[in-house]
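Trainee: I would like to learn how to read the contact between two chains, and then the hollow spaces in a model. Could we work through an example together?

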Amino acid sequence: MNNFLSALWIETLKMRRSKVPLFTAIGFSIAPLVGGLLMIILKDPEAARSMGLISTKAQMLAGVADWPTYFNVLAQAVAVGGAILFAIITIWVFGREFSDRTAKELLALPTSRETIISAKFVVIAVWTFVLSLFIFGLGLVVGKLVVIPGWSMGLLQTSFVDVLGTALLVIAMLPIVAFAASIGRGYMPPFGWTIFTVVMAQVAVITGWGDWFPWSVPALFSGAIGPRAEQLGIHSYVIVILFSIIGLVATYYWWRNADQTR
Amino acid sequence: MNYAIETNGLSKFYGDVFAVNKVNLRVKRGEIYSFLGLNGAGKTTTIRALLGMIRPSEGNVKVLGQALGPGGRGPWARVGHLVESPCAYPDLSVRENLDIARRLHGIRNPKVVDDVMNKLTIASYSNRKAGTLSSGNFQRLGLARALLHNPELLILDEPSNALDPAGIVEIRELLISLAREHETTIFMSSHILTEVNLLADRIGIIHEGSLIEELDAARLEELRSQRLVIDTRDLSKAREALASFEVTTLADGRLATNDPRAIASPELIATLLVNAGAPPIHLAIEQENLEEYFLRLTESNNE
């Protein structure tokens, strides 16, 4: 346990000293800010048009100016933006050990490799979840400032589940990214993999197989193309959990057994 | 005998390519063992196998009497290492990098970080980001990490890399003191053969993946060939006078012979030269240096 706490302290220190948390927070903040802008446009299309803003496009993207629509925009942003930003965090946590050539310093130690990998996963999970909470909180502030109609405490609760549930499903797919960063020994292979899965998730939804494709499940959960009860079944969640476990097992197995030649 | 390092038929191959081929190493406790080889000879692969970073294709490895287990498990609390070039988290300070190593070694006392920084004379850089260090100080940081937990066994890949001449002497003295006063076993690879000459108790020479020679430093003295180097003002007369000896001309024009009679009695050569009207202006027995011995050995293995 002491070893694990030490490893956790170490991973947290690396994160604190990096600019990546700041950049990812700034990058993710765009989601509620753009959502707020869409609400401004939709609330008063004529005024928006006179300011040079395109109200028709906003209507196509969002719908109407109310809290349910705004929360839906936030959940979709977490599904798509989170898939990329959370992957970048994961790629950084694992890939930097190869880019900085420090991976070899994590191997022949009294602290086991499994302990170090577990600490990395915990840091990624906490970091991405806190980022999701931050986005939800920032979304509330922006929504209040923009003065959107249709607020209720019940809506707040269901939207909290929508946004954070979407975030958890995105987070569940991160072990595969960690595995790609490990076998790719750096940044580019897992980043290529992430882009590939984002594109394929769109294709799977378009072709009607999204509920069977784990990378599509977060977007469908967010309500991007309709109520999630119509889009997803139990099998969709089972597949996400299955791929999450596969990613975890593969990453642990790789760090334990692969030849470390860098 | 309980060796600090013991390998039995250690082999590592990638497809048809042998990186290391049936290497049997025996490193005694408390000795300084130098591992020599050309680039690509298999030094780093062997070192990685000793540290459980790669799995042997064949054979086994014991470190401090313990066979390396699955997942690279071994007695790592008692082993310090520096593999290839040193590395550190560039956006963390020297102190933070060493504190990471301290925690990964499960050492509670943070004072060990100060102690090792003082030992490696990098205390004045403690708050400097590792990424801004000179290559020499970066090397010292790597060595500090290896020494942090006072290991019984040090496995060092090119420990003198990037150090200035004063740094090389300093690290040499530190390693000698660790071996002599604290009985630390040191297994090190090096390209700096003069360093090896000054440090090693035993030397292993690896070539194309195979351990072709393993010998004590004292035995190396005996094996290194000697020659008598001769210089006169009239080299052609000198050649005629020494016709009964096998004489070669060195790159600088001087003459040299490996003939045991000449090495045993250089005064005989002096007399012959004086009588021939070509008195010597330089007559000295020179011993082959480690570099020449190493090259002779690896070249003969290539033939």
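Trainee: How many residues does the contact take from chain A, and how many from chain B?

Mentor: Bear in mind throughout that this is a predicted model. The contact draws on 32 residues of chain A and 32 residues of chain B.

Trainee: Which area do chain A and chain B bury between them, and how much of it lies on carbon and sulfur atoms?

Mentor: The size of an interface is often expressed as the accessible area that is lost when the parts come together. In this case chain A and chain B bury about 3100 Å² between them, with 53% of it on carbon and sulfur atoms. On the side of chain A, the residues that lose the most area to chain B are A:K104, A:E105 and A:A108, which together account for 19% of what that side buries.

Trainee: How many salt bridges and how many residue pairs in polar contact are there between chain A and chain B?

Mentor: Between the two chains there are five salt bridges, one of which joins the side chains of B:D91 and A:R96 at 3.1 Å, N to O. The count of residue pairs in polar contact, both at pLDDT 80 or more, is 10. As for the elements involved, α1 (2-17), α5, α6 (113-146) and α12 (234-257) of chain A each give two or more residues to the side that touches chain B, and α1(A) gives the most, with seven residues. Sorted by class, that side of chain A has 10 nonpolar, nine polar and 13 charged residues.

Trainee: Turning to enclosed space, what volume does the largest cavity have, and which residues are closest to its centre?

Mentor: A cavity is a space where the probe fits but cannot get out. The structure holds one cavity of 30 Å³ or more, and the volume of the largest cavity is about 130 Å³. Its lining comprises 15 residues, of which A:E105, A:L109, B:A101, B:H105 and B:R145 are closest to the centre. In chain B, β7 (79-82), α2 (94-104) and α4 (135-147) are the elements that give two or more residues to this lining. By class, the lining of the largest cavity has nine nonpolar, four polar and two charged residues.

Trainee: And which residues lie nearest the centre of the largest pocket?

Mentor: The largest pocket, with a volume of about 580 Å³, is lined by 29 residues, and those nearest its centre are A:Q76, A:A79, A:V80, A:Q202 and A:A219. At least two lining residues come from each of α2 (20-43), α5 (67-99), α8 (174-184), α9 (188-206) and α10 (217-221) of chain A. The lining of this pocket has 23 nonpolar, six polar and no charged residues.

Technical notes:
Residues are numbered from 1 along each chain as its sequence is written. Chains are lettered from A and ligands numbered from 1 in the order in which they are written. This is a predicted model: local features need pLDDT of at least 70, side-chain atom pairs count only at pLDDT 80 or more; totals for chains, interfaces and linings use all residues. Side-chain values use heavy atoms; hydrogens and water are left out. On a 1 Å grid over the protein atoms alone, a cavity is a set of points where a 1.4 Å probe fits but cannot get out, and a pocket is an open set with protein on both sides within 12 Å along at least five of seven lines; lining residues have an atom within 4 Å of a point. Grid points are joined across faces, edges and corners, and a volume is the space filled by probe spheres set on the points. Helices (H or I, at least four residues) and strands (E, at least two) are DSSP runs, numbered from the N terminus. Ala, Val, Leu, Ile, Met, Phe, Trp, Tyr, Cys and Pro count as nonpolar, Asp, Glu, Lys and Arg as charged, and the others, Gly among them, as polar. Contact means heavy atoms within 4.5 Å. Buried area is the accessible area (1.4 Å probe) that two parts lose on being put together, summed over both. A salt bridge is a side-chain nitrogen of Lys or Arg within 4 Å of a carboxyl oxygen of Asp or Glu. A polar contact is a pair of N or O atoms within 3.5 Å; within protein, one must be able to donate a hydrogen and the other to accept it, and residues adjacent in sequence count only if both atoms are side-chain atoms.
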